[in-house]
Amino acid sequence: MAKVLVSDSVDEAGIKILSQVAQVDIKTGLSEDELTAIIPEYDALMIRSGTKVTEKVIQAADNLKIIGRAGVGVDNVHVASATRKGIVVVNSPEGNTIAAAEHALAMMLSLSRHIPDANQSVKGGKWDRKSYIGSEVYKKTLGVVGLGKIGSHVAKVGKAMGMKILAYDPFISQERANQLGCTLVDLDILFSESDYITLHIPKTKETANLINAQSLAKMKPHARIINCARGGIIDEDALYETLKEGKIGGAALDVFASEPLGESKLRELGNNIILTPHLGASTAEAQVNVAIDVAEQIRDVLLGLPARSAVNIPGLSPDVMEKLRPYMRLAETLGNLVGQLAGDRVESLNVKLQGDLADNSSQPLVTASLKGLLSKALRERVNYVNAAIEAKERGIHLVETRDATIKDYSNSIYLEAVGTKGTHAVTGALLNDGEIRITSINGFPVNVPPNAYMLFTLHRDVPGIIGKIGSLLGNFNVNIASMQVGRKIVRGDAVMVLSIDDPLPEGVLPEILKVGGVTDAYTVSL
Ligand SMILES: NC(=O)C1=CN([C@@H]2O[C@H](COP(=O)(O)OP(=O)(O)OC[C@H]3O[C@@H](n4cnc5c(N)ncnc54)[C@H](O)[C@@H]3O)[C@@H](O)[C@H]2O)C=CC1
Ligand SMILES: O=C(O)CCC(=O)C(=O)O
């Protein structure tokens, strides 16, 4: 039975799903060394933001197939190492959207009405109404940085509260911004014209320290900034100085450059800052959503099914997956075949998707072709997650072409590879019953199913040659299961494809090459 490690606290609803297919161990609060020591036992790991899945942990994770992040941000997972090791990383892109958006809105209203301080004051025995005069958000300007799932919800609610919404997101269309009633502006305008600024972007190289001394200096003296996205997007030292000097109105932070927040000058500030301990996703509803979402994906991957929200392989809708599944086998088989024909050090692979396969949803077939091509060298180390990266690292130049016109078969895949044995090309298609057919070899038409052991010869189509090869194989006790010749013109160049029952014994190939008229011969195992 598969084993799943749950190393952060996740909702019971997720544990129930995992328990249907695996032994589930819950071990929270592990150090990096403790996690590294036990991870080789596990097939899957489920985490929230607490566990840091470092390169060291992934190096040791020899049986791990999937890491499930019950939440959005995967910045606590070394995704590049996971990809290289062929481990799928999944998240729950929508399960906590509303929770995080509502937390940002709660922060905005808390800042505008001094709720945390007023609460503390009353609990401290006071009845001070003068110190807590607030300001309304109605008719104020809200600047939303990042108009994705969370930013869009914040914008919609802000709009409903009568706010003017400015937004900055270079990857969002004007049409989407119009739908949400937002005005797309550049960052400088957003900084200088907003009364409230709320961040809803991932932390990337581009967004690290986006809010720094220079950007803070552009803000209105009463501007309030909210970060419920990721620590490190705001330069905390610059924010501290700006707030201490009263240059902006306030800040509310749920996330920090280093978590848990340790010694920090931010804690010393007064009522112009609100700090929460990364609570954006902490609602009962969001925790059930993300736990179910991720547990279902872990279950599916352990059962050999695709994950719907993988961050390191393209996610596919069930419909598309249903259509592609048989063709994935075809692409992989052809990749394996052309790789063996082309020999070692393959330097290029041309993948041509034909007929209905020519649309963009067929992209996974390119990955499957690469997986097949590399499978001889890498065996089980190559999978759909790391095939592209492994190919790139080997310097294999990948060319993808698409041709929607229907050839002999309604949907077919053509692969051409160049390696130490020259340029070779194969085409394949599926029969109505889903059986794979190799339909051409180096441009010669054939119609053969793939077989565990195969022999291919390139030869001149002259009388007697087939008999000679047949007798030679007989002399070496090789049993032929099927044989077919493909040729373009009578007595011209031809290809012979033989399916044989056992691997070709050592020494047979050189003998075949000695037969008059044979120009090349290859043995392949699929
Ligand atoms: N505090 C918490 O507990 C939670 C925090 N989050 C964080 O909130 C953030 C947003 O999450 P979602 O809205 O679900 O993500 P999303 O992917 O739907 O939206 C992110 C948006 O940021 C935009 N973006 C990317 N780079 C940008 C840049 N350089 N400048 C401006 N815009 C840029 C993207 O185009 C996208 O529209 C993430 O960092 C996520 O990790 C999410 C859930 C809970
Ligand atoms: O798991 C959590 O509580 C944090 C959620 C979060 O930050 C995210 O989903 O990106």
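**Figure 1. A close-up of F456 in strand β19.** With a relative accessibility of 1%, F456 counts as buried (buried means under 20% relative accessible area, exposed over 50% and partly exposed in between, with a 1.4 Å probe and protein chains only). This is a predicted model, in which local features need pLDDT of at least 70, side-chain atom pairs count only at pLDDT 80 or more, and totals for chains, interfaces and linings use all residues. Residues are numbered from 1 along each chain as its sequence is written, chains are lettered from A and ligands numbered from 1 in the order in which they are written, and side-chain values use heavy atoms, with hydrogens and water left out. F456 sits in strand β19, residues 453–460; helices (H or I, at least four residues) and strands (E, at least two) are DSSP runs, numbered from the N terminus. Leaving out residues up to four places away in sequence, F456 touches L337, L341, I441, M496, V497, D520, A521, Y522 and V524, where contact means heavy atoms within 4.5 Å. One of these partners, I441, is 15 residues from F456 in sequence, and their C-alpha atoms are 9.1 Å apart.

**Figure 2. A close-up of I396, just ahead of a strand.** Look for I396 in the loop between α15 (387–393) and β14 (397–403). Is I396 buried or exposed? Its relative accessibility is 11%, so I396 counts as buried. Not counting neighbours within four places in sequence, I396 is in contact with V346, E347, S348, L349, L373, L374 and A391. For a sense of scale, Q484 is 88 residues away from I396 in sequence, and the two C-alpha atoms are 32 Å apart in space.

**Figure 3. A close-up of V77 and the residues it touches.** V77 belongs to the loop between β4 (66–69) and α4 (79–84). Because its relative accessibility is 7%, V77 counts as buried. Which residues does V77 touch, not counting residues up to four places away in sequence? They are I47, V53, I67 and V89. V24 lies 53 residues from V77 in sequence, with 20 Å between the C-alpha atoms.

**Figure 4. A close-up of E241 in helix α11.** Helix α11 covers residues 236–244 and includes E241. E241 counts as partly exposed because its relative accessibility is 32%. From C-alpha to C-alpha, E241 and A213 are 8.6 Å apart, with their positions 28 residues apart in sequence.

**Figure 5. Backbone close-ups at K139, R345 and P260.** Most residues other than glycine have a negative phi, and most peptide bonds are trans. K139 is not a glycine, yet its phi is positive, at about 70°. You will find K139 in the loop between α6 (115–123) and β6 (141–145), and its relative accessibility of 66% is why K139 counts as exposed. R345 also has a positive phi without being a glycine, near 45°. R345 is placed in the loop between α13 (318–342) and β13 (348–355); it is exposed, with a relative accessible area of 68%. The last stop is the cis peptide bond that joins E259 and P260, with omega about -5°. P260 is in the loop between β11 (250–253) and β12 (273–275).

**Figure 6. Domain 1 and domain 3 in their wider setting.** The domain assignment gives domain 1 (1–96 + 282–312), domain 2 (97–275), domain 3 (317–450) and domain 4 (452–526), with bounds that come from an automatic or database domain assignment. How many residues of domain 1 are in contact with domain 3? Nine residues of domain 1 are in contact with eight residues of domain 3, and the C-alpha centres of these two domains are 31 Å apart. Stepping back, the protein has 17 helices and 22 strands. Along its principal axes, the C-alpha trace spans about 110 × 45 × 35 Å. The protein has a radius of gyration of 31 Å, whereas a compact globule of 526 residues would have one near 24 Å; this radius is taken over C-alpha atoms, and the globule rule is 2.2 Å times the number of residues to the power 0.38. Buried residues make up 50% of the 526 residues. Among contacts with a separation of 6 or more, 64% come from residues 24 or more positions apart.
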